[in-house]
Amino acid sequence: MEVIASTAAGKVNNRSSDRVMEVLLYIFAVFLLLILIYPLYFIIIASFSDPSAVGNGQVWLLPKGFTFDGYKELLKHENIWIGYRNTILYTVAGTAIGLVVNISAAYALSRKDLVGRKFISLFFIFTMFFSGGLIPTFLTIRDFHMYNTFLVMVLPFSVVVYDIIVARTFFQSSIPGDLWEAAQIDGCGNLRYYALVVLPLSKAIIAVLGLWIAVGYWNSYFNALIYLKNPNLYPLQLILRNILITNQMQSSLGSGEAANIALRLANMMRYSVIIVSTIPIMCVYPFVQKYFNQGVMIGAVKE
């Protein structure tokens, strides 16, 4: 009886300690969540606050001097809508091309019957550590007549070796080889098997890579800065950057009341720019969230 009582007491103690640990983990998780969410929340309330209140540290929980002036001033620039149009086109086209190229390459490298698979994989991995540099890349793009064109934003940089490695690992660990043998028996060829069997089973990794590629294209401005000279082809990020630089230059070169007004407008637009450029791509995330964890974890399994 004493043994049974001690065993029961031990189980009760274990349950109590588990509950305490669970509560501590929840508290820690909430604390981390607040740390991650607060910077975004601060940007939102700062975009609706008076710049002087933000600069004096008075804004930390609620907006001070509530105003839409930052957004009004930002939306006065008509080229913002041109930037939105271009960025959406670059993101959609670039994501489609990137998925086709990277997913197809990853599937090919995942096949054990691919001749020279190890050499091709090493060739891809080599490019992650060594590259020709900016000047040779610029000369190559110019010689291919893609400089200052739509294609320069979506085609030359569509291959991402990291995405290929993640997708290849996903195919190797999640697509059984027996499926290919069964498909062969039914008379299915490589392309048909890839299109009708592999891709429908790979929604998770396609959604994850699609989100990664889309975010990369949406936030890209350096390639446009180097390879575009036509303002009508500028993406949103580059246009917003130019607007901020112009306002800051006006405030620094001016004097008196005009300089103060320009500085105030520049400070108001600083946070509005972040919101305007971030909200659209954030709206896409909920639609792929259910695939995100699954895709990343499966793609991260070691061979």
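# Empty spaces in an all-helix model

Searching the whole structure turns up one cavity of 30 Å³ or more. The model is predicted. Its secondary structure comes to 14 helices and zero strands. Beyond the cavity, there are pockets to look at: the largest holds about 420 Å³ of space, and the second largest holds about 310 Å³.

**The overall fold**

- From the N terminus on, the elements run α-α-α-α-α-α-α-α-α-α-α-α-α-α.
- The protein has 303 residues, and 34% of them are buried.
- Take the contacts with a separation of 6 or more: 72% of them join residues 24 or more positions apart.
- The protein exposes about 18900 Å². Carbon and sulfur atoms supply 68% of that area.

**The cavity**

- Rolling a probe the size of a water molecule over the atoms shows where empty space is left.
- The largest cavity has a volume of about 50 Å³.
- Its lining consists of Leu109, Ser121, Phe124, Ile125, Val161, Ile164, Ile165 and Arg168.
- Helices H5 and H7 are the elements that give two or more residues to this lining.
- H7 provides the largest share, four residues.
- By class, the lining of the largest cavity has six nonpolar residues, one polar and one charged.

**The largest pocket**

- About 420 Å³ of space lies in the largest pocket.
- This pocket is lined by 16 residues. Closest to its centre are Thr127, Ser131, Thr137, Pro156 and Phe157.
- Helix H5 (117-129) and helix H6 (134-143) each supply at least two lining residues.
- H6 gives the most, with four residues.
- The lining has 10 nonpolar and six polar residues. It has no charged residues.

**The second largest pocket**

- The volume here is about 310 Å³.
- Lining this pocket are 13 residues. Nearest its centre lie Ser110, Arg111, Lys112, Ile175 and Gly177.
- Three helices each supply at least two residues of the lining: H4 (79-110), H7 (161-174) and H8 (177-185).
- H8 gives the most, with three residues.
- The lining divides into six nonpolar, three polar and four charged residues.

**Helices to follow**

- H5 supplies lining residues to the largest pocket, and H5 also lines the largest cavity.
- H7 gives four residues to the lining of the largest cavity, and H7 also helps line the second largest pocket.
- Charged residues are absent from the lining of the largest pocket, whereas the second largest pocket has four in its lining.

Technical notes: Residues numbered from 1 in each chain as written. Predicted model: local features only at pLDDT ≥ 70, side-chain atom pairs only at ≥ 80, totals over all residues. Heavy atoms only, no water. 1 Å grid on protein atoms, 1.4 Å probe; cavity = no way out; pocket = protein on both sides within 12 Å on 5 of 7 lines; lining within 4 Å. Points joined across faces, edges and corners; volume = space filled by probe spheres on them. Nonpolar A, V, L, I, M, F, W, Y, C, P; charged D, E, K, R; others polar. Buried < 20%, exposed > 50% of the residue type's maximum accessible area, 1.4 Å probe, protein only. Contact = heavy atoms within 4.5 Å. Areas by Shrake-Rupley, 256 points an atom, 1.4 Å probe, with all protein chains shown as cover.
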